[in-house]
Amino acid sequence: MMLPNEFPQSAPIPQDVAENLESAQVTRQFYHELEYRQAFDGYCHWYYQTAERHRKEVQKMRGDINILGWFTRRK
């Protein structure tokens with residue numbers, strides 16, 4: 001009779017089960033990598049759009065009249 005805190009001897013894992021576990025791990029790693037790359041591509045797309053918008057804003061600001069410069073102009 002086995003007591004509740006005793007465990008039976010562990011048996012070796014059959015080869016087909018080990019292959020299935022390995023395949024599942026590789027699949028999980030693949031989807032993790034895919035998700036990471038998609039997130040990175042999304043970040044890069046957002047970054048380039050933001051940088052382009054900032055460039056346009058800077059060009060527009062350079063064309064604006066510098067009102068503050070009228071009051072702080074030095075001779």
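The legends below describe close-up views of a predicted model.

**Figure 1. Overview of the chain, with two helices and zero strands.**
The model is predicted, and residues are numbered from 1 along the chain. The chain has 75 residues, of which 4% count as buried. Its accessible surface comes to about 8200 Å². Carbon and sulfur atoms account for 58% of that surface. Helix α1 covers residues 15-63. The close-ups that follow show side chains of this helix.

**Figure 2. The nonpolar surface patch of Y36, F40, Y43, W46, Y47 and Y48.**
These six side chains make a patch of about 760 Å². One of the residues in the patch, Y48, lies in helix α1. Y48 is exposed, because its relative accessible area of 57% is over 50%. Other members of the patch include Y43, which is partly exposed at 44% relative accessible area. W46 is also partly exposed, with 46% relative accessibility. Y47 counts as partly exposed at 45%.

**Figure 3. The ring pair of Y43 and W46 in helix α1.**
A pair of aromatic rings is described by the distance of the centres and the angle of the planes. Four aromatic pairs are found in a search of the whole structure. In one of them, the ring centres of Y43 and W46 are 5.8 Å apart and the ring planes stand at 35°, so the pair is tilted. An angle of 35° is neither under 30 degrees, as stacked rings require, nor over 60, as edge-to-face rings require. Both residues belong to helix α1. Y43 and W46 are three residues apart, about one turn of the helix.

**Figure 4. The ring pair of Y47 and Y48, and the cluster around it.**
At 46% relative accessibility, W46 is partly exposed. The rings of Y47 and Y48 have planes at 75°, so this pair is edge-to-face. Their centres lie 6.1 Å apart. The two residues fall into separate accessibility classes: Y47 is partly exposed at 45%, whereas Y48 is exposed at 57%. Ring pairs link Y43, W46, Y47 and Y48 into a cluster. These four residues are also among those that make the nonpolar surface patch.

**Figure 5. The salt bridge between E33 and R37.**
Side chains of opposite charge can pair when their charged atoms come close. The structure holds three salt bridges. In the bridge of E33 with R37, the closest N and O atoms are 2.8 Å apart. Both residues lie in helix α1. E33 and R37 are separated by four residues along the chain, about one turn of the helix. E33 is partly exposed, with a relative accessible area of 34%. R37 counts as exposed, at 52% relative accessibility.

**Figure 6. The salt bridge between E52 and R55.**
The side chains of E52 and R55 meet with a distance of 2.9 Å from N to O. E52 and R55 both belong to helix α1. They are three residues apart, about one turn of the helix. E52 is partly exposed, because its relative accessibility of 35% falls between the limits of 20% for buried and 50% for exposed residues.

**Figure 7. The salt bridge between R53 and E57.**
R53 and E57 meet through their side chains at 3.9 Å, N to O. This distance counts as a salt bridge because it is within 4 Å. The two residues are four apart in helix α1, about one turn of the helix. R53 is partly exposed, at 46% relative accessibility. E57 is partly exposed too, with a relative accessible area of 40%.

Note on methods
Predicted model: local features only at pLDDT ≥ 70, side-chain atom pairs only at ≥ 80, totals over all residues. Heavy atoms only, no water. Patch = residues over 30% accessible without salt bridge, like charges linked within 9 Å, V, L, I, M, F, W, Y side chains within 5 Å. Areas by Shrake-Rupley, 256 points an atom, 1.4 Å probe, with all protein chains shown as cover. Buried < 20%, exposed > 50% of the residue type's maximum accessible area, 1.4 Å probe, protein only. Phe/Tyr/Trp six-rings, centres within 6.5 Å; stacked < 30°, edge-to-face > 60°.
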